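Student: I would like to go through this structure one feature at a time. Please give me the general idea for each feature, then the case at hand.

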Amino acid sequence: MTDVATNMRLKLPIICFILEIILIILFGVLVQYNEETDAKEWHKKNHSDYENDFYYRYPSFQDVHVMIFIGFGFLMTFLQRYGFSSVGFNFLIAAFSLQWATLMQGFFHGMHGGKIHIGVESMINADFCTGSVLISFGAVLGKTSPVQLLVMALFEVTLFAVNEFILLTLLGTRDAGGSMTIHTFGAYFGLMVTRILYRPNLDKSKHRNSSVYHSDLFAMIGTIYLWMFWPSFNSAITAHGDDQHRTAMNTYYSLAACTLSTYGMSALTAHDGKLDMVHIQNAALAGGVAAGTAGEMMLTPYGSMIVGFLAGIISVLGFKYLSPILEEKLKIQDTCGVHNLHGMPGILGAIVGAVTAAVATADVYGDGMKDVFPDVASGKVDASYQGGIQAASLAVTLGIALLGGLIVGFILKLPVFGAPSDTICYEDNIYWEVSLTVINIQFNIYGE
Amino acid sequence: MTDVATNMRLKLPIICFILEIILIILFGVLVQYNEETDAKEWHKKNHSDYENDFYYRYPSFQDVHVMIFIGFGFLMTFLQRYGFSSVGFNFLIAAFSLQWATLMQGFFHGMHGGKIHIGVESMINADFCTGSVLISFGAVLGKTSPVQLLVMALFEVTLFAVNEFILLTLLGTRDAGGSMTIHTFGAYFGLMVTRILYRPNLDKSKHRNSSVYHSDLFAMIGTIYLWMFWPSFNSAITAHGDDQHRTAMNTYYSLAACTLSTYGMSALTAHDGKLDMVHIQNAALAGGVAAGTAGEMMLTPYGSMIVGFLAGIISVLGFKYLSPILEEKLKIQDTCGVHNLHGMPGILGAIVGAVTAAVATADVYGDGMKDVFPDVASGKVDASYQGGIQAASLAVTLGIALLGGLIVGFILKLPVFGAPSDTICYEDNIYWEVSLTVINIQFNIYGE
Amino acid sequence: MTDVATNMRLKLPIICFILEIILIILFGVLVQYNEETDAKEWHKKNHSDYENDFYYRYPSFQDVHVMIFIGFGFLMTFLQRYGFSSVGFNFLIAAFSLQWATLMQGFFHGMHGGKIHIGVESMINADFCTGSVLISFGAVLGKTSPVQLLVMALFEVTLFAVNEFILLTLLGTRDAGGSMTIHTFGAYFGLMVTRILYRPNLDKSKHRNSSVYHSDLFAMIGTIYLWMFWPSFNSAITAHGDDQHRTAMNTYYSLAACTLSTYGMSALTAHDGKLDMVHIQNAALAGGVAAGTAGEMMLTPYGSMIVGFLAGIISVLGFKYLSPILEEKLKIQDTCGVHNLHGMPGILGAIVGAVTAAVATADVYGDGMKDVFPDVASGKVDASYQGGIQAASLAVTLGIALLGGLIVGFILKLPVFGAPSDTICYEDNIYWEVSLTVINIQFNIYGE
C-alpha cells in the first residue's frame, strides 16, 4: 500500500524540520516573556504572587487544551481505519499551529517595542487559532497527507490572524468564544479547500468512509470532552469576574438544551426512529458553537437555551438533508460534516451576537457594560451600531475564509505534497505502520 | 430488531421537545443571573474581579462535570453491546436532569424574591442531583428505553430536591459529598425501580449481560476518572479555605486505601485468585462514596483510610455474595451493582458521618466549627444531637428513596414508554443505528 | 493458564492487607493535617479563605493526578493482551505508592515536632514519587506479578525519598519538574531491575509483545493526556507567581517543538517513510521530561523549543537504534522503552538545567532570583557553583538509581512473588478473569 507519491520518508522530515527551525529562529528574534512570566519584570512591581493571571486563566487554558488535543483528535477517530491519522495528524498540526499562531497573533496584535510578549492568554489564543485549523482538517479528513495538512495550517493560521485582527482590533467586534473568528472561519475555509480538492472518484474509498462499533465509542470520548469543556472555551478570554462566570453558565445551558433537541431530531429524521451516532457526536455540540459570540453578553439563561435548542435542530437537519446536497450538487466532500457543526451554528452564533449587541442597554448591563461592550460604554458607538459591526464581521469572516480556502486549496493540489489516490483514502496504512494482525481481521470481516 | 413498541420515531422527539420547551418557559419566568453572574449587580459592589466565586468553584465544577459525563457514561460501557446506549443515554438524561435540577433545587432552596438565582454553585448542585439519577440508571441499565429514563429523571430529580431540602434546610444535616443525598438516595431509588420492573425472563438476554475485552477497557476510563476526581466531588460545595482543602485530602486517602482492599478482596474471593474487572471498576470507588459525609469533618487522614479500607471490603463482598441473593430472593436485577458501589458504601458513609459529628469538640475544630457544624457552633444543638440528626437523615433518605422508587417504578411500567422485550435487553441495536459490519463480527465470534 | 506459582489467591490479599494496615497505623501515629487543612489551625490566623493554598495548587494537582492514573495507565495499554494489567496494576501500585510516599517524603523533609504535616503540596509530591515508580513499571511491563510490583514500589519509593532528600535538601539542587529526581531516577532504577530480571527465553512470549489497532488507540489516550498536562506537572510545585506561569509556558513550547521533531524523525528512520506509533506515543513526550529541571528557569521560549526539539530526536533514535542494542548486548529488556522517553531525555534535562543555572545572572532574574535559585540570591553560592551542584546531582541520582535497582532486582527474583513464566508474559489471563469470547477471537486471528 505504499507508493512513491505518498511516501513520507523525506517529505515529512523536511517540512517538520524546516518549519520548526524557522519557528525557533523567529521565537529567538521576536518573542519574550511578558510581565507575568518574566522573573525580573514580575518582581519589579508590588503585588501578591496570587495576583498573577496564571491562577485566573490557566485552568481554562487546560480545558481548552483538552478540547484541542483530545476533543478534536478523538472526535475524528469515528472512521473505521483512520484512527491513527485522526488523532495523530491532529496532534501534529496542532503542535505546529500553536507555535505559528503565537507568532502570527503576536505580530498582528501583541507587539510591544518590536517584541511579542507571551503568557497564558497568548497560549489560549494560540490554542483557539489551532482549533480553527482542526475544524478545516475535519472537512478534508481522510483525503490529505500530513504534509498537505502542515501547509494548510501554515496559511490558515496566517489568514486567521488577519481576520481576527480586522474584527477584534480594527472593527471592535466582540467574539469571545469565536463563533465567527474560529468556527465560521474554520468551517468555510475548510469547505472551500475540500471543494477545490474535489475527488470525482472518491466512491472507490467509500467502504472505508464509515464507522465501526468501537470507533464510534472512541469518537464519543472526543464529543463528551468537547461538550463538557465548551463553557471553559467560550469564557477563557472574556473579562474577569462576572463576564467569565456568566459566559461559562450561558454555554452550559445552551449545550444542555442542544442535547435534547439533537436527540429528538435524530430520532425524528430516521425512518425507523433509531438514533444516529453521527448526530449525537456532532450536533449535540452545536450549542457551544452558537453561544460563542453572545455567551459573554446578557443573553439570559433561557435565551441561551433557545439558542442551543435551535442550533441542535439546524445541525441535525444539516447532516440529514443538506450534506448530501452539498456533496452532489456543489461537490463539497465534507468528511466530518463541519458545515453542520461549525458552519451553520457559527453563523447562527454570529447573528445571535449581533442581535444581542444591538439591544444592549445601560439598564441591563450597568457598569458591566465596559467589559462586554467597551466601545458602547465609552460612547464611541451606540448599541445598534455595535450590532451592525457584529453583522458586518460575519460577512468579512466569510469572505476571507472562502477566498483564503480557494487559494490554499489550489496550493494543496501540487502533487509534491503526497496526497493519497482515490482508492486509498480514509486509510491509516498509507502513512502509518499498522500491524498485520489487524489487516487479517479486516479480511475476515469483509469476507474478502 | 425494530418493532412498533420500541420505535422511538415519535416518542423520543415528543418528550424531548416538550420537556425542553417547558424548561425554557420556566427558566424564562423563574431564573435570573445571581450577583456573581449579572453584569449590573456584580459591578454595583466594590470588590476585585478576582473575588468572584467562579475562581474558587469552577475548577471543582469541571471535575464534577467530567465525573458525570465521562465517569458515569464510560463506567457503564462495560457491556459488550450497550456502549452507545450507556454513554449516549447517560448524556441525554444528564443534559435534561441538570436543567430540571436547577429549577427544582432553586425552587426548594434558592428563591430570592420569587426568582431562582443561579451561578457556579447551583451548577455544581445540579450536576450532583444528576449524579443521583445516573446511579439509578445503573440499576436499570440495558432494560429501559430512553423515554422511560427521561420520565424517571423527571420524577427522581424532583424527589431528590425534596429529600435534599428536608435534610440540608429543615434538619440542618451535613452531607457535602452526598453519601446520603446522592449515593444512598440514588441507589435505593434505582433498586426499587428495578424491583418493580422485575423481568422474570431476563435470562433470555443473559448472553449480552457481560463484557468483552475492549468494553472493559472503555469502562476503566470511567472508573479512573471517577476515582481521580472524587476529591473534587466531595469538596466542591464545602466552605472555602481549610474545609475544601481537607475534604479533598481525606477523600484522596480514603480512595487510595479502598483500592488496596479492593484488589486484595477481589483475589481472595476468586477460586483461582484472578482479579475480577467488575470489582476493580466499581469497588475501588467505594472509598469516595463512604467519605461523602465525613470528608469535610476532622476525620483525620488515617480515619479516612480506615473508612476507605472498609468500604472496599464491603463492596467486593456485596458483588460476590449479596448481589446474587438480591437477584434470586428479592428479584432485584441490579445491572451495574449500584447497591455495592453506592448503596452500602453510602450507608457506611452516613454512619461514619453521624459518629464523627457526634464526637466533634471545640478543642479539635476551634473557630472552624462554624464552617463544618454551624448549628453546633451557634449553640443551637450540641454535637451528639447533630450526630442524631445525621442518623435520622439516613432513615429519611432511605424512606423517600424507597417510596419514590416504588411509585416511579409503577409509572415506568406503562407500555407507551417503549421498554425493550426480555429477549433484546442490553442491546444497542434497538435504539441506535449500528453498522452491519459489527453484526458480522459478532456472528463470527459466537460461531452463530 | 493458571498455575500454582502465579496464583494470587493468598499472595495478593496478604500483601495488600498488610501494607494497608501498616500504612494506617503509621498515618495514625505520624501524620497530621497541616495549617491549611486543619480546622482549628487555619482559623487561628487572620487571613481570607481565598488565600488557602488549595486554590493555587489543587488544579495543578488534579492535572498531575490525571497524568499518573490515566496518562501512565493508558500509555501502557498498547500491548494487545495486557490492557487490564497495564491500567489495573498501574492503578494498584499508584494507590499504594502515593500513601507510602506521603510517609517517606514526610519523614525525610516534612517533619514538624515529630509529626508529618500534609496538604495539597504533599499530595503533589506523593504523586510525583508515584510517577517515578510507574516509569520503572514501564521497564518491566508484562513480566512481573502484582506482588512483585508492590514490593518494588515499597523499596523504590523509599530510595526515591532518600535521593530527593540528598538533592533538594542537602545539596540545594533545583529540579521542580523532576528531570533527575523523577525521570532519570525512575528510568535507571527500572532498567537495572529489568536487567537483573533478565529472561533469556522471553522470545517465547514475543508474539504478545506488540500492539493491535485498538490497543494503540487506547495508548494514545495516555499519550495525549501526558502531553497536555505536562506543563502542569513541571509547574506544580514551583514558587507561586511568575515561576509557575513561566514553567508551564516553557514546557508547552518544549513539547510542541518535540512533537514536530518526533514526527520528522519517525518518518525519516522508517525504510518506507511510515510513522511508527511507538515513537508518537512516547518520543513526543520527551520534551516534557527534558524541560523538567530548567523549565522554571529563564530558559526563554526559544530555548525551551530547542530543548524539546533535541529531546524528540534523541528519543526516536533511541527507540530505533539503541533499544535493540540494549536488549541484545546489555540484556536489558525494556518493554516500554523508558530509556528513550525518561532515561536519555531526563539526562538531557539535567544537563540543560545545570548549564542554565550556571549562566544565571542578576540582570536576567532580578528579584525573581530568590524564587528560582535561593542559594544564589542569598549569596550562599554563585551561579556557576549552582550549575556544578546540578551536574553532581545527576551523578548522585544515577548512582542511587542503579545501585537501588540492582538490590531490588535481586529481591524481586524470589520465587514466592509469583512472576509469570517466560511463555506467558504480556498476558492478562494469568492474573485477571478474561471472558472466553476474547480468547476465541484471538484464536481466529492467529489462525491457531
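Student: In what order do the three strands of the open sheet in chain A stand, and what is the pairing?

Tutor: Bear in mind that this is a predicted model. To read a sheet, list its strands by position and then give the sense of each pair. In chain A the order is β1-β3-β2, the sheet is open, and the pairing is mixed.

Student: Why is one side of β1 and of β2 in chain A left without a neighbour in the sheet?

Tutor: Each of these two strands, β1 (31-33) and β2 (111-112) of chain A, has a single partner strand and stands at an edge, so one of its sides has no neighbour in the sheet.

Student: In which sense do β1(A) and β3(A) pair, and over how many bridges?

Tutor: They are parallel, with three bridges between β1(A) and β3(A), the latter covering residues 115-118. To fix the register, look for a residue and the one opposite: Val31(A) faces Ile116(A) of β3(A).

Student: Turning to chain B, which strands are joined to β3(B) by bridges, and in which sense do they run?

Tutor: Strand β1 of chain B, residues 31-33, runs parallel to β3(B) and is joined to it by three bridges. Strand β2 of chain B, residues 111-112, runs antiparallel to β3(B), with two bridges. For the register, Val31(B) has Ile116(B) as its bridge partner, while His112(B) is opposite Lys115(B).

Student: What do β2(B) and β3(B) form, and how many residues lie between them?

Tutor: A hairpin, with two residues between the strands. In a turn, the backbone angles deserve a check. Here Gly113(B) has a positive phi of about 60 degrees.

Student: Which residues make up the covered face of β3(B), and which the uncovered one?

Tutor: A strand's faces are read by sorting its residues according to how far they are covered. For β3(B), residues 115-118, Ile116(B) and Ile118(B) form the covered face, and Lys115(B) and His117(B) form the uncovered face. Ile116(B) is thus a residue of the covered face as well as the bridge partner of Val31(B).

Student: Now the interfaces. How many residues does each of chain C and chain A give to their contact, and what area is buried?

Tutor: Begin with the extent, then ask which atoms supply it. Chain C contributes 74 residues and chain A 77. About 6700 Å² is buried between the two chains, with 72% of it on carbon and sulfur atoms.

Student: Which residues form the salt bridge between chain C and chain A, and how many residue pairs are in polar contact?

Tutor: One salt bridge is found across this interface. It joins Lys40(A) to Asp363(C), with 3.4 Å between the closest N and O atoms. Polar contacts are counted by residue pair, and there are 31 such pairs between chain C and chain A. On the side of chain C that touches chain A, α9(C) gives the most, 20 residues. That side holds 42 nonpolar, 18 polar and 14 charged residues.

Student: What are the corresponding values for chain B and chain C?

Tutor: The contact takes 75 residues of chain B and 78 of chain C. The buried area is about 6600 Å², 72% of it from carbon and sulfur atoms. Of the area that chain B buries against chain C, Tyr213(B), His245(B) and Leu260(B) supply 13%, more than any other three residues.

Student: Which residues form the salt bridge between chain B and chain C?

Tutor: Lys40(C) and Asp363(B), at 3.3 Å from N to O.

Notes:
Residues numbered from 1 in each chain as written. Chains lettered and ligands numbered in written order. Predicted model: local features only at pLDDT ≥ 70, side-chain atom pairs only at ≥ 80, totals over all residues. Heavy atoms only, no water. Contact = heavy atoms within 4.5 Å. Buried area = accessible area lost by both parts, 1.4 Å probe. Salt bridge = Lys/Arg side-chain N within 4 Å of Asp/Glu carboxyl O. Polar contact = N/O pair within 3.5 Å; in protein donor to acceptor, adjacent residues only side chain to side chain. Helix = DSSP H or I, 4+ residues; strand = E, 2+ residues; numbered from the N terminus. Nonpolar A, V, L, I, M, F, W, Y, C, P; charged D, E, K, R; others polar. Buried < 20%, exposed > 50% of the residue type's maximum accessible area, 1.4 Å probe, protein only. Pairing = 2+ DSSP bridges.
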